[in-house]
Amino acid sequence: MRVCAGGANITGRRKGMIIMKYLLFGTGDYYERYKKWFDKKDILALLDNSEAKQNMLLDDIPVLPPQEGVKLPYDGVVILSFYVRQMRSQLLSLGVPENRIYHFYDLNRLIYNRERKKPVRYYDGMGRESGTAPGPEEAGKKILLLSQDLTLGGPAIALFHAAKALVKHGYQAVYASMLDGPLREQLLAAGIPVIVDVNLQIETMREADWVNHFSLLICSTINFHVFLSERNTEIPVIWWLHDSAFFYDGIKRMTLRSLDRKNMTVCAVGPVPETAVREFIPDVSIRKLIYGVERHRMDERQKNGEPVRAKERTGQRICFVTIGYVEARKGQDILIQAVRMLPKDMREKAVFYLVGQDSSLLACRIKEEIRHMPECIVTGSTDREGIHELLDRADVLICPSREDPMPTAAAEAMMHSVPCILSDAVGTAAYIQDGIDGLIFHSEDVQGLAAQIAWCIRNEDRLCGMGKQAEQIYEKYFSLEAFEKDLLEIVEQSGVDSVCRLRERHDD
């Protein structure tokens with residue numbers, strides 16, 4: 001029997017009510033991540049604002065403009081994107097009732113049941129694959145580190161460094177992820193077992209039975225708030241938040257406020273994620289845990305006092321670099337506006353590289369805008385080696401973000417003795433002394449950013465010294481040594497050793 005969403009009475013799977021016909025809003029990364037949970041026969045259409053995608057088929061499902069899709073007899077619209085605020089507002093303006101709008105964070109209560117569980121893939125420390133997760137005898141005295149994916153993005157890499165630090169100091173660590181990716185091979189090469197369990201996308205800790213065999217869990221990012229909403233509180237948890245306020249738009253306030261924080265240590269990567277979570281849980285106690293960035297082999301020359309500056313390779317032009325997915329949050333459009341404000345003679349002395357995934361609508365718009373700005377170059381994505389090669393040649397890194405918790409690119413730049421121009425909405429700015437070891441401008445202040453770029457061009461002889469000062473910021477706050485010290489202190493205070501001793505006595 002079909003149960004229509006109808007109104008506010010939908011309370012999810014626990015009362016046996018199921019939404020049967022969906023519109024899925026978004027066809028990008030998060031559609032690819034979550035589409036596996038929907039039966040095609042239950043998807044009326046996909047919605048997308050990109051005219052290039054509309055009126056075509058994706059996975060044999062029609063892609064429609066939102067204003068056309070909402071005319072269909074849907075029961076609910078599921079937003080598969082982090083741009084929840086804008087998309088929800090658009091749906092409401094099209095007459096979609098608020099109680100029919102959902103987010104991928106709602107999938108646990110909407111569609112989860114044990115019969116839909118998907119296989120778990122387990123790779124032991126030798127890289128051998130098993131079809132089952134480790135049981136109590138394998139997991140009991142180990143620490144489980146949980147990531148939303150195995151990409152080479154900041155939070156996943158930071159958790160990888162945490163796993164290596166724990167192993168280095170005598171702990172046994174297992175790395176688990178909602179999704180597979182290129183980081184798996186690096187983890188296995190380091191001898192760290194890996195679990196890929198897509199069910200973690202929509203399960204709670206109690207429902208993910210195998211997770212409860214570990215002695216300590218370290219969960220990375222706000223993506224695990226549903227997972228933590230039902231948990232075995234006897235197992236200590238470290239919840240390591242990297243997220244700015246932007247990533248909280250799809251979260252229900254009461255879900256966060258009702259979390260049982262017994263045996264839970266909440267950590268934040270600097271002031272931006274701390275401010276974001278306090279908006280939802282004002283009384284939460286938060287520990288600071290800044291990630292560590294591993295020194296790269298290219299950086300050895302700087303360590304040996306032999307800096308290699310970009311102007312040796314760029315025809316005397318000063319090399320500015322911006323690294324990050326090209327999107328409004330990262331503010332590359334602000335940078336282009338600032339460059340356009342510079343006098344022609346200054347623009348001719350500089351080159352600006354925009355590095356990052358460049359298929360977004362903003363990226364397409366920027367590429368059109370810079371057709372007559374030869375000093376601006378959109379490179380597209382590159383791997384970690386490519387980023388280090390670019391930073392090795394760079395004079396200045398620019399982070400023009402509208403909000404950005406703690407971009408690894410800034411820490412990596414300082415590691416390479418490259419000073420940064422940072423928006424004050426970037427978490428790293430809290431560690432910079434303006435004009436001494438970096439430069440800061442007010443978020444979205446185009447003139448302010450242009451002035452800081454102009455200062456760099458006029459004072460290029462001071463950039464190397466500023467870069468050396470920036471390297472000291474890296475050593476003090478972002479080096480692996482600083483990170484390991486803070487991480488081990490938090491782990492030791494989490495109660496993991498007590499859990500291990502209890503399990504040892506039980507085994508005896």
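Two strands pair if DSSP finds at least two bridges between them. The legends below describe close-up views of a predicted model.

**Figure 1. Strand E13 and its paired neighbours in the predicted model.** Strand E13 spans residues 237–241. With strand E14 (residues 264–268), E13 shares five bridges, and the two run parallel. In this pairing Ile238 of E13 has Thr265 of E14 as its bridge partner. Strand E12 (residues 216–220) is also parallel to E13, with four bridges between them. Here Leu217 is matched with Val237 of E13.

**Figure 2. Side chains of strand E13.** In a regular strand, side chains alternate between the two faces of the sheet. Val237, Trp239 and Leu241 point one way from E13, while Ile238 and Trp240 point the other way. Residues of both sets are buried. Because five of the five residues of E13 are buried, the strand is largely enclosed by the rest of the structure.

**Figure 3. Surroundings of Glu207 in the loop between strands E11 and E12.** Strand E11 covers residues 194–196, and Glu207 is placed in the loop that lies between E11 and E12. Glu207 has a relative accessibility of 9%, so it counts as buried. Its side chain makes a polar contact of 3.1 Å with the side chain of Asn108. The side chain of Glu207 also reaches the backbone nitrogen of Thr204, at 2.9 Å.

**Figure 4. Salt bridge between Glu489 and Arg287.** The closest N and O atoms of Glu489 and Arg287 are 3.2 Å apart. Glu489 belongs to helix H18 (residues 480–493) and Arg287 to strand E15 (residues 286–288), so the pair ties together parts that are 202 residues apart in sequence. Glu489 is partly exposed, with a relative accessible area of 35%. Arg287 is also partly exposed, at 27% relative accessibility.

**Figure 5. A salt-bridge network that includes Asp180 and Arg184.** Arg121, Glu129, Asp180, Arg184 and Glu185 are joined into one network by salt bridges that share partners. Within this group, Asp180 forms a salt bridge with Arg184, and the closest N and O atoms are 2.9 Å apart. Asp180 has a relative accessible area of 29% and is partly exposed. Arg184, at 16%, is buried.

**Figure 6. Salt bridge between Asp42 and Lys41.** The side chains of Asp42 and Lys41 meet at 3.6 Å, N to O. Asp42 has 11% relative accessibility and counts as buried. Lys41 has 60% relative accessibility and counts as exposed. The salt bridges in the model number 34.

**Figure 7. Segments with pLDDT under 50.** Over residues 1–17 pLDDT stays under 50, and the model has 35 contacts beyond four places in sequence for this segment. Residues 307–314 also stay under 50 in pLDDT, with 24 contacts beyond four places in sequence. Where pLDDT is low, the predicted coordinates should not be read in detail. For the protein, the mean pLDDT is 89, and 90% of the residues reach 70 or more.

How values were computed:
Residues numbered from 1 in each chain as written. Predicted model: local features only at pLDDT ≥ 70, side-chain atom pairs only at ≥ 80, totals over all residues. Heavy atoms only, no water. pLDDT = per-residue confidence, 0-100. Contact = heavy atoms within 4.5 Å. Salt bridge = Lys/Arg side-chain N within 4 Å of Asp/Glu carboxyl O. Buried < 20%, exposed > 50% of the residue type's maximum accessible area, 1.4 Å probe, protein only. Polar contact = N/O pair within 3.5 Å; in protein donor to acceptor, adjacent residues only side chain to side chain.
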